[in-house]
Amino acid sequence: MKTQVAIIGGGPAGLLLSQLLHVRGIDSVILERKTRDYVLGRIRAGVLEQGLVRLMEEAGCAERMHAEGYSHDGALISYGDEMFRIDFAEHTGTPVLIYGQTEVTRDLYDAREKAGGKIEFEVEDVEIRDADTDQPHVLYTVGGEARRIECDFIAGCDGFHGVSRQAIPLSVRREYEKIYPFGWLGVLSETPPVNHELIYANSERGFALCSMRNENLSRYYIQCSLSDSPADWTDEAFWEELKRRIPKAQADQLVTGPSIEKSIAPLRSFVTEPMRWGRLFLCGDAAHIVPPTGAKGLNTAASDVHYLYNALRDYYENGSETGIDGYSQKALARVWKAERFSWWFSSLLHRYPDQAAFDLKMQIADLEFLRSNTAAQKAMAENYVGLPY
Ligand code: APR
Ligand code: PHB
(Lines give C-alpha, C1' and ligand atoms only; values in the text may rest on other atoms or scores of the structure.)
(Ligands and ions follow the chains in the order given, each with its own letter.)
Protein backbone atom coordinates (compact mmCIF):
# COMPACT_ATOMS: atom_id res chain seq x y z
CA MET A 1 0.00 0.00 0.00
CA LYS A 2 1.20 3.57 -0.72
CA THR A 3 0.09 6.80 0.94
CA GLN A 4 1.45 10.28 1.49
CA VAL A 5 1.27 10.20 5.31
CA ALA A 6 1.19 6.98 7.37
CA ILE A 7 -0.38 7.75 10.77
CA ILE A 8 0.29 5.38 13.65
CA GLY A 9 -2.49 5.64 16.23
CA GLY A 10 -6.23 6.27 15.86
CA GLY A 11 -6.73 8.41 18.94
CA PRO A 12 -7.69 12.09 18.77
CA ALA A 13 -4.28 13.23 17.45
CA GLY A 14 -4.10 10.71 14.60
CA LEU A 15 -7.74 11.16 13.64
CA LEU A 16 -7.61 14.96 13.68
CA LEU A 17 -4.43 15.01 11.59
CA SER A 18 -5.89 12.55 9.07
CA GLN A 19 -9.12 14.50 8.70
CA LEU A 20 -7.34 17.87 8.30
CA LEU A 21 -5.02 16.38 5.66
CA HIS A 22 -8.03 14.91 3.88
CA VAL A 23 -9.70 18.33 3.72
CA ARG A 24 -6.58 19.56 1.89
CA GLY A 25 -6.51 16.55 -0.46
CA ILE A 26 -3.53 14.90 1.23
CA ASP A 27 -3.84 11.12 1.54
CA SER A 28 -3.20 9.27 4.80
CA VAL A 29 -3.72 5.85 6.35
CA ILE A 30 -4.29 5.32 10.09
CA LEU A 31 -2.98 2.18 11.79
CA GLU A 32 -4.79 1.58 15.09
CA ARG A 33 -3.92 -1.20 17.51
CA LYS A 34 -7.36 -1.48 19.08
CA THR A 35 -10.93 -1.50 17.77
CA ARG A 36 -12.93 1.67 17.27
CA ASP A 37 -15.24 0.74 20.16
CA TYR A 38 -12.25 0.18 22.46
CA VAL A 39 -10.83 3.60 21.61
CA LEU A 40 -14.23 5.21 22.17
CA GLY A 41 -14.53 3.43 25.51
CA ARG A 42 -11.71 5.52 27.00
CA ILE A 43 -12.96 8.20 29.43
CA ARG A 44 -10.78 11.31 29.22
CA ALA A 45 -10.97 15.03 30.08
CA GLY A 46 -13.52 17.32 28.51
CA VAL A 47 -12.15 20.88 28.39
CA LEU A 48 -11.43 22.14 24.86
CA GLU A 49 -9.33 25.22 24.10
CA GLN A 50 -10.53 27.47 21.30
CA GLY A 51 -7.55 26.33 19.20
CA LEU A 52 -8.92 22.79 19.16
CA VAL A 53 -12.44 24.09 18.48
CA ARG A 54 -11.11 25.97 15.44
CA LEU A 55 -9.26 22.89 14.19
CA MET A 56 -12.44 20.80 14.48
CA GLU A 57 -14.26 23.50 12.48
CA GLU A 58 -11.51 23.44 9.83
CA ALA A 59 -11.80 19.65 9.75
CA GLY A 60 -15.56 19.93 9.21
CA CYS A 61 -16.32 18.08 12.44
CA ALA A 62 -17.62 20.82 14.75
CA GLU A 63 -21.41 20.63 14.28
CA ARG A 64 -22.27 18.33 17.23
CA MET A 65 -19.56 19.90 19.38
CA HIS A 66 -21.20 23.32 19.03
CA ALA A 67 -24.68 21.85 19.49
CA GLU A 68 -23.89 19.81 22.61
CA GLY A 69 -20.82 21.48 24.12
CA TYR A 70 -21.03 23.99 26.97
CA SER A 71 -19.15 27.28 26.79
CA HIS A 72 -17.58 28.12 30.16
CA ASP A 73 -16.38 31.65 30.99
CA GLY A 74 -14.75 30.72 34.28
CA ALA A 75 -13.83 28.10 36.86
CA LEU A 76 -13.77 28.02 40.67
CA ILE A 77 -10.85 27.30 42.96
CA SER A 78 -11.50 26.35 46.57
CA TYR A 79 -9.27 25.79 49.56
CA GLY A 80 -10.94 24.72 52.78
CA ASP A 81 -14.24 26.59 52.80
CA GLU A 82 -12.79 29.51 50.82
CA MET A 83 -13.64 29.71 47.12
CA PHE A 84 -12.95 32.21 44.32
CA ARG A 85 -13.60 32.36 40.62
CA ILE A 86 -11.17 32.82 37.75
CA ASP A 87 -13.05 34.83 35.11
CA PHE A 88 -11.72 33.73 31.71
CA ALA A 89 -13.93 36.20 29.86
CA GLU A 90 -12.72 39.17 31.93
CA HIS A 91 -9.03 38.24 31.69
CA THR A 92 -8.81 36.79 28.17
CA GLY A 93 -12.11 37.33 26.36
CA THR A 94 -11.96 33.60 25.57
CA PRO A 95 -14.11 30.75 26.93
CA VAL A 96 -13.36 27.04 27.02
CA LEU A 97 -15.76 24.45 25.62
CA ILE A 98 -16.86 21.57 27.84
CA TYR A 99 -17.24 18.58 25.50
CA GLY A 100 -15.97 15.08 26.26
CA GLN A 101 -12.81 13.87 24.51
CA THR A 102 -14.72 10.69 23.76
CA GLU A 103 -17.19 12.80 21.74
CA VAL A 104 -14.36 14.58 19.93
CA THR A 105 -12.96 11.17 19.00
CA ARG A 106 -16.39 9.89 17.95
CA ASP A 107 -16.96 12.92 15.72
CA LEU A 108 -13.57 12.39 14.09
CA TYR A 109 -14.18 8.68 13.49
CA ASP A 110 -17.55 9.51 11.94
CA ALA A 111 -15.93 12.12 9.68
CA ARG A 112 -13.17 9.74 8.54
CA GLU A 113 -15.74 7.03 7.85
CA LYS A 114 -17.98 9.44 5.90
CA ALA A 115 -14.95 10.54 3.83
CA GLY A 116 -13.94 6.94 3.14
CA GLY A 117 -10.77 7.41 5.16
CA LYS A 118 -8.48 4.38 5.40
CA ILE A 119 -8.19 3.12 9.00
CA GLU A 120 -6.77 -0.32 9.78
CA PHE A 121 -7.91 -1.60 13.18
CA GLU A 122 -6.37 -4.27 15.39
CA VAL A 123 -2.98 -3.91 13.76
CA GLU A 124 0.01 -5.55 15.41
CA ASP A 125 3.81 -5.67 15.11
CA VAL A 126 4.05 -2.10 13.82
CA GLU A 127 7.61 -1.27 12.81
CA ILE A 128 8.86 2.06 11.48
CA ARG A 129 11.58 1.59 8.87
CA ASP A 130 13.97 4.04 7.16
CA ALA A 131 12.43 7.07 8.83
CA ASP A 132 15.79 8.83 8.38
CA THR A 133 15.68 8.40 4.59
CA ASP A 134 13.42 9.87 1.91
CA GLN A 135 11.72 6.49 1.49
CA PRO A 136 10.29 5.62 4.91
CA HIS A 137 7.88 2.74 5.28
CA VAL A 138 5.86 0.96 7.95
CA LEU A 139 5.59 -2.81 8.47
CA TYR A 140 2.71 -4.34 10.44
CA THR A 141 0.39 -7.33 10.62
CA VAL A 142 -3.36 -7.68 10.65
CA GLY A 143 -4.74 -11.08 11.65
CA GLY A 144 -1.26 -12.51 11.23
CA GLU A 145 -0.97 -11.23 7.63
CA ALA A 146 2.17 -9.14 7.03
CA ARG A 147 1.60 -5.74 5.40
CA ARG A 148 3.70 -2.78 4.31
CA ILE A 149 2.93 0.90 3.72
CA GLU A 150 5.24 3.00 1.52
CA CYS A 151 4.85 6.68 2.44
CA ASP A 152 6.40 10.13 2.26
CA PHE A 153 6.02 10.82 5.99
CA ILE A 154 5.10 8.99 9.21
CA ALA A 155 3.09 10.66 12.01
CA GLY A 156 3.63 8.93 15.35
CA CYS A 157 0.30 9.52 17.09
CA ASP A 158 0.38 6.27 19.07
CA GLY A 159 0.34 7.68 22.57
CA PHE A 160 2.66 7.16 25.54
CA HIS A 161 2.81 3.38 25.14
CA GLY A 162 3.25 3.40 21.37
CA VAL A 163 6.26 2.42 19.25
CA SER A 164 6.94 5.71 17.45
CA ARG A 165 9.01 7.41 20.16
CA GLN A 166 11.26 4.35 20.33
CA ALA A 167 12.06 4.75 16.61
CA ILE A 168 14.15 7.81 17.48
CA PRO A 169 17.63 6.54 18.38
CA LEU A 170 18.56 6.81 22.07
CA SER A 171 21.69 8.68 20.97
CA VAL A 172 19.40 11.44 19.66
CA ARG A 173 16.42 11.21 22.02
CA ARG A 174 16.28 13.16 25.30
CA GLU A 175 13.50 12.40 27.79
CA TYR A 176 12.32 14.47 30.77
CA GLU A 177 9.99 12.98 33.37
CA LYS A 178 8.36 13.74 36.71
CA ILE A 179 6.19 11.12 38.46
CA TYR A 180 3.68 12.51 40.99
CA PRO A 181 3.26 10.62 44.31
CA PHE A 182 -0.52 10.25 43.95
CA GLY A 183 -3.23 9.36 41.46
CA TRP A 184 -6.72 10.53 40.51
CA LEU A 185 -9.73 8.36 41.28
CA GLY A 186 -12.40 9.39 38.76
CA VAL A 187 -16.14 8.66 38.79
CA LEU A 188 -18.72 9.24 36.07
CA SER A 189 -22.32 9.43 37.34
CA GLU A 190 -25.68 10.16 35.72
CA THR A 191 -26.34 13.00 38.17
CA PRO A 192 -26.65 16.76 37.74
CA PRO A 193 -23.30 18.57 38.21
CA VAL A 194 -22.83 20.11 41.66
CA ASN A 195 -21.99 23.44 40.00
CA HIS A 196 -22.44 24.84 36.48
CA GLU A 197 -18.69 25.61 36.30
CA LEU A 198 -15.76 23.40 37.31
CA ILE A 199 -14.54 23.43 40.91
CA TYR A 200 -10.83 22.72 41.55
CA ALA A 201 -10.46 22.00 45.27
CA ASN A 202 -7.37 21.99 47.50
CA SER A 203 -8.33 20.50 50.87
CA GLU A 204 -6.35 19.18 53.82
CA ARG A 205 -7.50 15.72 52.72
CA GLY A 206 -6.25 16.21 49.18
CA PHE A 207 -7.31 17.47 45.77
CA ALA A 208 -10.78 17.12 44.28
CA LEU A 209 -12.34 18.23 40.98
CA CYS A 210 -16.01 18.67 40.13
CA SER A 211 -16.61 18.55 36.37
CA MET A 212 -19.35 17.54 33.98
CA ARG A 213 -20.30 16.27 30.52
CA ASN A 214 -23.93 17.53 30.41
CA GLU A 215 -26.85 18.48 32.70
CA ASN A 216 -27.19 14.89 33.83
CA LEU A 217 -23.70 13.48 33.49
CA SER A 218 -21.11 14.53 36.05
CA ARG A 219 -17.41 13.74 36.28
CA TYR A 220 -15.69 13.90 39.68
CA TYR A 221 -12.13 13.18 40.79
CA ILE A 222 -10.37 12.87 44.13
CA GLN A 223 -6.63 12.61 44.70
CA CYS A 224 -5.84 9.09 45.91
CA SER A 225 -2.91 6.95 46.90
CA LEU A 226 -0.98 5.20 44.13
CA SER A 227 -1.56 1.97 46.04
CA ASP A 228 -5.34 2.34 45.74
CA SER A 229 -7.44 0.44 43.23
CA PRO A 230 -10.99 1.33 42.14
CA ALA A 231 -12.26 -1.77 43.99
CA ASP A 232 -11.01 -0.20 47.23
CA TRP A 233 -13.62 2.54 46.86
CA THR A 234 -17.34 1.95 47.15
CA ASP A 235 -19.51 4.62 45.58
CA GLU A 236 -20.58 5.70 49.07
CA ALA A 237 -16.97 6.05 50.26
CA PHE A 238 -16.16 8.12 47.15
CA TRP A 239 -19.08 10.50 47.63
CA GLU A 240 -18.35 10.94 51.34
CA GLU A 241 -14.69 11.74 50.62
CA LEU A 242 -15.58 14.15 47.83
CA LYS A 243 -17.95 16.00 50.17
CA ARG A 244 -15.14 16.39 52.69
CA ARG A 245 -12.92 18.05 50.10
CA ILE A 246 -15.21 20.70 48.62
CA PRO A 247 -16.77 23.72 50.38
CA LYS A 248 -19.73 22.83 52.64
CA ALA A 249 -22.23 24.83 50.59
CA GLN A 250 -21.44 22.70 47.53
CA ALA A 251 -21.10 19.47 49.50
CA ASP A 252 -24.62 19.98 50.85
CA GLN A 253 -25.94 20.36 47.28
CA LEU A 254 -24.07 17.38 45.83
CA VAL A 255 -26.40 14.90 44.12
CA THR A 256 -24.87 11.44 44.39
CA GLY A 257 -25.72 8.32 42.43
CA PRO A 258 -24.26 5.03 41.18
CA SER A 259 -20.96 5.30 39.33
CA ILE A 260 -21.17 4.23 35.68
CA GLU A 261 -17.39 4.41 35.37
CA LYS A 262 -14.73 4.36 38.08
CA SER A 263 -10.98 4.37 37.36
CA ILE A 264 -7.64 5.53 38.72
CA ALA A 265 -5.10 7.41 36.60
CA PRO A 266 -1.47 8.00 37.63
CA LEU A 267 -0.05 11.50 37.16
CA ARG A 268 3.07 12.11 35.14
CA SER A 269 4.88 14.94 33.36
CA PHE A 270 6.90 13.71 30.40
CA VAL A 271 8.51 15.21 27.30
CA THR A 272 10.57 13.66 24.50
CA GLU A 273 12.93 15.82 22.46
CA PRO A 274 13.18 16.08 19.50
CA MET A 275 9.67 15.43 18.14
CA ARG A 276 11.06 14.73 14.68
CA TRP A 277 13.46 12.14 13.31
CA GLY A 278 13.89 12.38 9.52
CA ARG A 279 10.47 11.73 8.01
CA LEU A 280 8.93 10.69 11.39
CA PHE A 281 7.01 13.29 13.38
CA LEU A 282 5.68 12.65 16.92
CA CYS A 283 2.31 14.14 17.90
CA GLY A 284 0.39 14.20 21.17
CA ASP A 285 0.92 11.68 23.94
CA ALA A 286 3.55 9.86 21.86
CA ALA A 287 5.80 12.83 22.63
CA HIS A 288 4.53 14.28 25.91
CA ILE A 289 2.29 13.68 28.89
CA VAL A 290 0.88 16.17 31.40
CA PRO A 291 -0.91 15.62 34.73
CA PRO A 292 -4.64 16.08 33.95
CA THR A 293 -5.01 19.03 36.35
CA GLY A 294 -4.86 21.66 33.64
CA ALA A 295 -6.75 19.57 31.01
CA LYS A 296 -3.83 20.07 28.60
CA GLY A 297 -3.41 16.54 27.19
CA LEU A 298 -5.82 16.71 24.26
CA ASN A 299 -5.28 20.45 23.78
CA THR A 300 -1.50 20.07 23.43
CA ALA A 301 -1.99 17.15 21.04
CA ALA A 302 -4.15 19.56 19.04
CA SER A 303 -1.44 22.21 18.79
CA ASP A 304 1.05 19.55 17.66
CA VAL A 305 -1.43 18.54 14.96
CA HIS A 306 -1.87 22.19 13.96
CA TYR A 307 1.87 22.63 13.43
CA LEU A 308 2.36 19.32 11.61
CA TYR A 309 -0.73 19.69 9.42
CA ASN A 310 0.38 23.15 8.24
CA ALA A 311 3.94 21.96 7.73
CA LEU A 312 2.77 19.08 5.53
CA ARG A 313 0.39 21.37 3.65
CA ASP A 314 3.30 23.73 2.94
CA TYR A 315 5.38 20.81 1.70
CA TYR A 316 2.75 19.39 -0.66
CA GLU A 317 1.24 22.68 -1.82
CA ASN A 318 4.36 24.85 -2.06
CA GLY A 319 7.26 22.40 -2.06
CA SER A 320 8.60 24.09 1.07
CA GLU A 321 10.37 22.15 3.83
CA THR A 322 10.44 25.13 6.20
CA GLY A 323 7.47 23.89 8.20
CA ILE A 324 8.66 20.32 8.61
CA ASP A 325 12.16 21.49 9.48
CA GLY A 326 10.73 23.81 12.14
CA TYR A 327 8.06 21.45 13.49
CA SER A 328 9.86 20.02 16.50
CA GLN A 329 11.14 23.35 17.80
CA LYS A 330 7.78 25.06 17.28
CA ALA A 331 5.73 22.26 18.87
CA LEU A 332 8.10 21.90 21.83
CA ALA A 333 7.99 25.64 22.57
CA ARG A 334 4.25 25.34 23.28
CA VAL A 335 4.52 21.85 24.84
CA TRP A 336 6.88 23.10 27.55
CA LYS A 337 4.55 25.99 28.41
CA ALA A 338 1.70 23.49 28.81
CA GLU A 339 3.96 21.26 30.92
CA ARG A 340 4.82 24.20 33.15
CA PHE A 341 1.20 25.22 33.66
CA SER A 342 0.09 21.63 34.33
CA TRP A 343 2.93 21.15 36.84
CA TRP A 344 2.24 24.49 38.54
CA PHE A 345 -1.53 23.91 38.77
CA SER A 346 -0.94 20.38 40.12
CA SER A 347 1.55 21.69 42.70
CA LEU A 348 -0.93 24.39 43.75
CA LEU A 349 -3.85 22.04 44.38
CA HIS A 350 -2.57 18.66 45.58
CA ARG A 351 -1.41 17.70 49.07
CA TYR A 352 1.91 15.88 48.84
CA PRO A 353 2.80 12.99 51.15
CA ASP A 354 5.18 14.28 53.88
CA GLN A 355 4.66 17.84 52.69
CA ALA A 356 6.80 20.11 54.89
CA ALA A 357 4.88 22.69 56.97
CA PHE A 358 6.72 25.49 55.18
CA ASP A 359 5.79 24.08 51.75
CA LEU A 360 2.15 23.92 52.82
CA LYS A 361 2.35 27.57 53.86
CA MET A 362 3.79 28.41 50.43
CA GLN A 363 0.90 26.56 48.77
CA ILE A 364 -1.71 28.50 50.75
CA ALA A 365 0.16 31.77 50.12
CA ASP A 366 0.11 30.92 46.40
CA LEU A 367 -3.66 30.39 46.56
CA GLU A 368 -4.16 33.64 48.51
CA PHE A 369 -2.02 35.53 45.98
CA LEU A 370 -3.97 34.06 43.06
CA ARG A 371 -7.20 34.96 44.80
CA SER A 372 -6.21 38.59 45.40
CA ASN A 373 -4.03 39.52 42.41
CA THR A 374 -5.50 40.41 39.01
CA ALA A 375 -2.22 39.84 37.17
CA ALA A 376 -1.90 36.36 38.71
CA GLN A 377 -5.47 35.54 37.72
CA LYS A 378 -4.91 36.83 34.17
CA ALA A 379 -1.78 34.68 33.83
CA MET A 380 -3.65 31.62 35.07
CA ALA A 381 -6.63 32.32 32.80
CA GLU A 382 -4.40 32.80 29.72
CA ASN A 383 -2.79 29.40 30.33
CA TYR A 384 -6.07 27.65 31.10
CA VAL A 385 -7.97 28.87 28.01
CA GLY A 386 -4.90 28.08 25.88
CA LEU A 387 -1.80 30.02 24.88
CA PRO A 388 -1.59 31.10 21.23
CA TYR A 389 -0.49 28.52 18.63
N1 APR B 1 0.19 0.59 16.78
C2 APR B 1 -0.99 1.19 16.45
N3 APR B 1 -1.71 1.95 17.31
C4 APR B 1 -1.20 2.12 18.54
C5 APR B 1 0.03 1.53 18.95
C6 APR B 1 0.73 0.75 18.01
N7 APR B 1 1.89 0.17 18.32
N8 APR B 1 0.25 1.88 20.26
C9 APR B 1 -0.79 2.66 20.63
N10 APR B 1 -1.67 2.80 19.62
C11 APR B 1 -2.92 3.55 19.60
C12 APR B 1 -3.71 3.47 20.90
O13 APR B 1 -4.56 2.34 20.90
C14 APR B 1 -4.50 4.78 20.87
O15 APR B 1 -5.78 4.61 20.29
O16 APR B 1 -2.60 4.92 19.48
C17 APR B 1 -3.66 5.71 20.01
C18 APR B 1 -3.07 6.85 20.82
O19 APR B 1 -4.15 7.66 21.30
P20 APR B 1 -4.03 8.50 22.69
O21 APR B 1 -3.29 7.66 23.67
O22 APR B 1 -5.40 8.97 23.01
O23 APR B 1 -3.08 9.71 22.34
P24 APR B 1 -3.35 11.01 21.45
O25 APR B 1 -4.09 10.68 20.22
O26 APR B 1 -2.04 11.68 21.38
O27 APR B 1 -4.34 11.89 22.30
C28 APR B 1 -3.89 12.59 23.42
O29 APR B 1 -5.72 11.50 24.45
O30 APR B 1 -5.35 9.69 25.83
C31 APR B 1 -5.59 11.03 25.81
O32 APR B 1 -4.60 11.89 27.77
C33 APR B 1 -4.50 11.83 26.40
O34 APR B 1 -5.80 13.78 26.32
C35 APR B 1 -4.70 13.11 25.72
C36 APR B 1 -5.06 12.73 24.33
C1 PHB C 1 -12.85 16.23 33.09
O2 PHB C 1 -13.98 16.74 32.93
O3 PHB C 1 -12.61 15.01 32.94
C4 PHB C 1 -11.70 17.15 33.46
C5 PHB C 1 -11.91 18.52 33.47
C6 PHB C 1 -10.87 19.37 33.82
C7 PHB C 1 -9.63 18.84 34.14
C8 PHB C 1 -9.40 17.45 34.11
C9 PHB C 1 -10.45 16.61 33.78
O10 PHB C 1 -8.62 19.69 34.50
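How many cavities of 30 Å³ or more does a search of the whole structure find? The search finds two, and the legends below visit them along with both ligands. This is a predicted model, in which local features need pLDDT of at least 70, side-chain atom pairs count only at pLDDT 80 or more, and totals for chains, interfaces and linings use all residues. Residues are numbered from 1 along each chain as its sequence is written, chains are lettered from A and ligands numbered from 1 in the order in which they are written, and side-chain values use heavy atoms, with hydrogens and water left out.

**View 1. The shell around ligand 1.**
Let us start with ligand 1, which has 24 residues around it; a residue belongs here if one of its heavy atoms lies within 4 Å of the ligand. E32, R42, R44, Q101 and D285 come nearest. By type, the shell holds 10 nonpolar, seven polar and seven charged residues. For this sorting, Ala, Val, Leu, Ile, Met, Phe, Trp, Tyr, Cys and Pro count as nonpolar, Asp, Glu, Lys and Arg as charged, and the others, Gly among them, as polar.

**View 2. Backbone contacts to ligand 1.**
Here the eye can follow polar contacts, meaning pairs of N or O atoms within 3.5 Å. A backbone N or O atom of A13 sits 3.0 Å from an oxygen atom of ligand 1, and for P12 the corresponding distance is 3.4 Å. A polar backbone atom of L298 lies 3.0 Å from an oxygen atom of ligand 1. On its own, ligand 1 has 700 Å² of accessible area, and the protein covers 91% of that; such areas come from the Shrake-Rupley method with a 1.4 Å probe. Two or more shell residues come from each of α1, β9 (123-129) and α9. Helices (H or I, at least four residues) and strands (E, at least two) are DSSP runs, numbered from the N terminus.

**View 3. Ligand 2 and its surroundings.**
Next comes ligand 2, surrounded by 15 residues, of which Y200, S211, R213, Y221 and T293 are the closest. A polar side-chain atom of R213 lies 2.7 Å from an oxygen atom of ligand 2. The backbone takes part too: a polar backbone atom of T293 is 2.8 Å from a ligand 2 oxygen atom, and a backbone N or O atom of A295 is 3.5 Å from an oxygen atom of ligand 2. The protein covers 100% of the 280 Å² of accessible area that ligand 2 has on its own.

**View 4. Where the ligand 2 shell comes from.**
Two elements, β15 (206-214) and β16 (217-224), give two or more residues to the shell around ligand 2. Strand β15 gives the most, with three residues. At least three residues come from each of domain 1 (5-72 + 96-177 + 268-346) and domain 2 (180-267 + 351-385), with bounds taken from an automatic or database domain assignment. The shell is made up of nine nonpolar, three polar and three charged residues.

**View 5. The largest cavity.**
A cavity is a set of points, on a 1 Å grid over the protein atoms alone, where a 1.4 Å probe fits but cannot get out, and its lining residues have an atom within 4 Å of a point. The largest one has a volume of about 60 Å³, a volume being the space filled by probe spheres set on the points. Its lining consists of E49, K296, R334, K337, A338, F341, N383, G386 and L387. Helix α10 (residues 322-349) provides the largest share, four residues. Three lining residues are nonpolar, two polar and four charged.

**View 6. The second largest cavity.**
This cavity holds about 30 Å³ of space. Its lining residues are P12, A13, L16, L52, L298, A301, A302 and V305. They divide into eight nonpolar, no polar and no charged. Both α1 (12-23) and α9 (297-318) supply at least two of them, and α9 gives the most, with four residues.

**View 7. Two backbone details.**
E273 and P274 are joined by a cis peptide bond, with omega about -10°. P274 is found in the loop between β17 (259-273) and β18 (276-277). In strand β9 you can find D125, whose phi is near 55°, a positive value in a residue other than glycine.

Definitions and conventions:
Polar contact = N/O pair within 3.5 Å; in protein donor to acceptor, adjacent residues only side chain to side chain. 1 Å grid on protein atoms, 1.4 Å probe; cavity = no way out; pocket = protein on both sides within 12 Å on 5 of 7 lines; lining within 4 Å.
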